[in-house]
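Please look through the structure shown here and work through the questions with it in view. Each answer takes a few steps before it reaches the value or name asked for.

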Amino acid sequence: MFTSFHRPLEEISLHSIEVPESWERLESEIQKAKGTVMVIGAPDTGKTTLTRFLVRELCNCGEAVAYIDGDIGQSILGPPTTQAMAVFDGNFRDFGDIRPEAIYFVGSVSPRGNRLETIVGLKKLLERSQAGRTRIAILDTTGYVTGEDAIELKYQKMDLLDPRHIVALQHNQEIEPLLRSQRGRESVVIHRIPSSSRVQTRSQEERRRYRWSRFKAYFRTVRIHQVDLRKVSLTGTHRFRISEKFHDEMEGLLIGLNGPDNFLITLGILEILDRTRGALSCLVPSVAGLEMTQTVRLGYMRIDLSEETNGERFPGLD
Ligand SMILES: Nc1ncnc2c1ncn2[C@@H]1O[C@H](COP(=O)(O)OP(=O)(O)O)[C@@H](O)[C@H]1O
Ligand SMILES: [Mg+2]
């Protein structure tokens, strides 16, 4: 049902990483007290590397592990703007090789201003993973951790997802303000892990280029697809001033075509939206299952496949 989507494996190799003793201790503590593990930290603290290490090691010990990629900006499992969940069961294959079981369309590459979608998506993916036989779910998150908005978002996330373990990766004490709200909570164990000195930082430009290469790969071959809005509902319209007429100013908007469970079938790029006639046309990659579309959700980014430099956020949004 999903477009297969591969990141070059050398980018995500685990061969040359430093594995401190604290990582091994963490692994055995997770095995003893199974449940949801939330990995949090600023950008470039090693969250994804530690997450992948944990998934691989737990998998090699015979555990079925769900990996939830919550990083909508630098996602590995699904395309940018999405969260995704994959199950690793016994036979570990690296992240770039695995097909997500479910993808949730958030519509933006930053959780700022998109708290609701960010939280709903993670909860849905976690519940989906818990419906199977996995007893450990490891959640990799965005590096959005500083400032009141980020603290509020993470607070609500931790409250709703109720993790058994919170793994806090930090260079200094930078996410202590975020952990403060969890102090009195008996059901959670907080593991403070110093960020490795081997962590490499990536500039905003490198991150943007990575996203763009993922979009380009995703939309490598596209075709036009028509959606009948008398049968399919349009959501996410609240942030746009959409009148009932034709909207050429909406052209290029990233959209998500969702199935009955509100998980993503495919991303699309809006061409024409005509609400009077109930017609929408978009560009989509070649995927199966489009006839299952129940909702089209408007995203918050503009995509122009002919341009190398893309305005990330759709102009004129609230
Ligand atoms: N323990 C480690 N040893 C060696 N390299 C590491 C380690 N942790 C992270 N890195 C490297 O640092 C970079 C950023 O790490 P990453 O896990 O992607 O950080 P984050 O997910 O927090 O942004 C990656 O290139 C990764 O290979
Ligand atoms: Mg990461």
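The questions below concern a predicted model, and they go from the whole chain to helix pairs, a ligand and single residues.

Q: How many helices and how many strands are there in the chain?
A: Buried residues account for 38% of the 318 residues in this chain. Where contacts join residues at least 6 apart in sequence, 73% of them link residues at least 24 apart. As for the elements themselves, the count for the chain is six helices and 13 strands.

Q: Is α3 roughly parallel or roughly antiparallel to α4?
A: Two packed helices are described by the angle between their axes and the distance between the axes. For helix α3 (residues 115-130) and helix α4 (residues 148-161) the angle is about 25°, and the axes are 10 Å apart. Angles under 35 degrees count as roughly parallel, and therefore α3 is, with respect to α4, roughly parallel.

Q: How many nonpolar, polar and charged residues are there in the contact of α3 with α4?
A: The crossing in which α3 passes α4 is right-handed. On the side of α3 the contact involves Arg115, Thr118, Ile119, Leu122, Lys123 and Leu126, and on the side of α4 it involves Leu153, Gln156, Lys157, Leu160 and Leu161. Sorted by class, the residues of this contact of α3 with α4 are six nonpolar, two polar and three charged.

Q: Which word describes how α1 lies to α2, oblique or roughly parallel?
A: Helix α1 (residues 21-32) and α2 pack with their axes 10 Å apart and at an angle of about 55°. Roughly parallel is kept for angles under 35 degrees, and roughly perpendicular for 65 to 115. An angle of about 55° is in neither range, and so α1 is, with respect to α2, oblique.

Q: Which residues of α2 make the contact with α1?
A: The crossing of α1 and α2 is right-handed. From α1 the contact takes in Trp23, Glu27, Ile30 and Gln31, while α2 contributes Leu50, Phe53, Leu54, Glu57 and Leu58. By class the contact of α1 with α2 has six nonpolar, one polar and two charged residues, and the residues asked for, those of α2, are Leu50, Phe53, Leu54, Glu57 and Leu58.

Q: Which helix gives the largest share of the shell around ligand 1?
A: There are 15 residues around ligand 1, and those that come nearest are Gly46, Thr48, Thr49, Ser196 and Arg198. By class, this shell around ligand 1 holds three nonpolar, eight polar and four charged residues. The largest share, three residues, comes from helix α2 (residues 47-60).

Q: What is the phi of Asp44, about?
A: Most residues other than glycine have a negative phi. Asp44 belongs to the loop between β1 (36-41) and α2, and it counts as partly exposed because it has 16 C-beta neighbours inside 10 Å. Although Asp44 is not a glycine, its phi is positive, at about 60°.

Q: What value is the phi of Asp162 near?
A: Asp162 is placed in the loop between α4 and β6 (165-170). With 13 other C-beta atoms within 10 Å, Asp162 is partly exposed. Its phi is positive, in a residue other than glycine, and the value is near 50°.

Q: Is Gly70 buried or exposed?
A: Gly70 sits in the loop between β2 (64-69) and β3 (82-89). Not counting residues up to four places away in sequence, Gly70 touches Gln83, Leu122, Leu139, Asp140, Thr141 and Thr142. The cut-off for burial is 20 or more other C-beta atoms within 10 Å, and because Gly70 has 29 of them, Gly70 is buried.

Q: What distance separates the C-alpha atoms of Ile269 and Met301?
A: Ile269 is part of strand β11 (residues 264-274), and with 22 C-beta neighbours inside 10 Å it counts as buried. Leaving aside neighbours within four places in sequence, Ile269 is in contact with Phe219, Gly252, Leu254, Cys282, Leu283 and Ile303. Ile269 and Met301 are 32 residues apart along the chain, and the separation of their C-alpha atoms is 9.7 Å.

Conventions:
Residues are numbered from 1 along each chain as its sequence is written. Chains are lettered from A and ligands numbered from 1 in the order in which they are written. This is a predicted model: local features need pLDDT of at least 70, side-chain atom pairs count only at pLDDT 80 or more; totals for chains, interfaces and linings use all residues. Axes are lines fitted to C-alpha atoms, for helices over the stretch in contact, and angles run from 0 to 180 degrees between N-to-C directions. Helices (H or I, at least four residues) and strands (E, at least two) are DSSP runs, numbered from the N terminus. Angles under 35 degrees count as roughly parallel, over 145 as roughly antiparallel, 65 to 115 as roughly perpendicular and the rest as oblique. A crossing is left-handed if the near helix is turned anticlockwise from the far one by less than a right angle, and right-handed if clockwise. Two residues are in contact if their C-beta atoms, placed from the backbone, lie within 7 Å. Ala, Val, Leu, Ile, Met, Phe, Trp, Tyr, Cys and Pro count as nonpolar, Asp, Glu, Lys and Arg as charged, and the others, Gly among them, as polar. A residue is near a molecule or strand if its C-beta atom, placed from the backbone, lies within 6 Å of it. A residue is buried if 20 or more other C-beta atoms lie within 10 Å of its own, exposed if 12 or fewer, and partly exposed in between; C-beta atoms are placed from the backbone.
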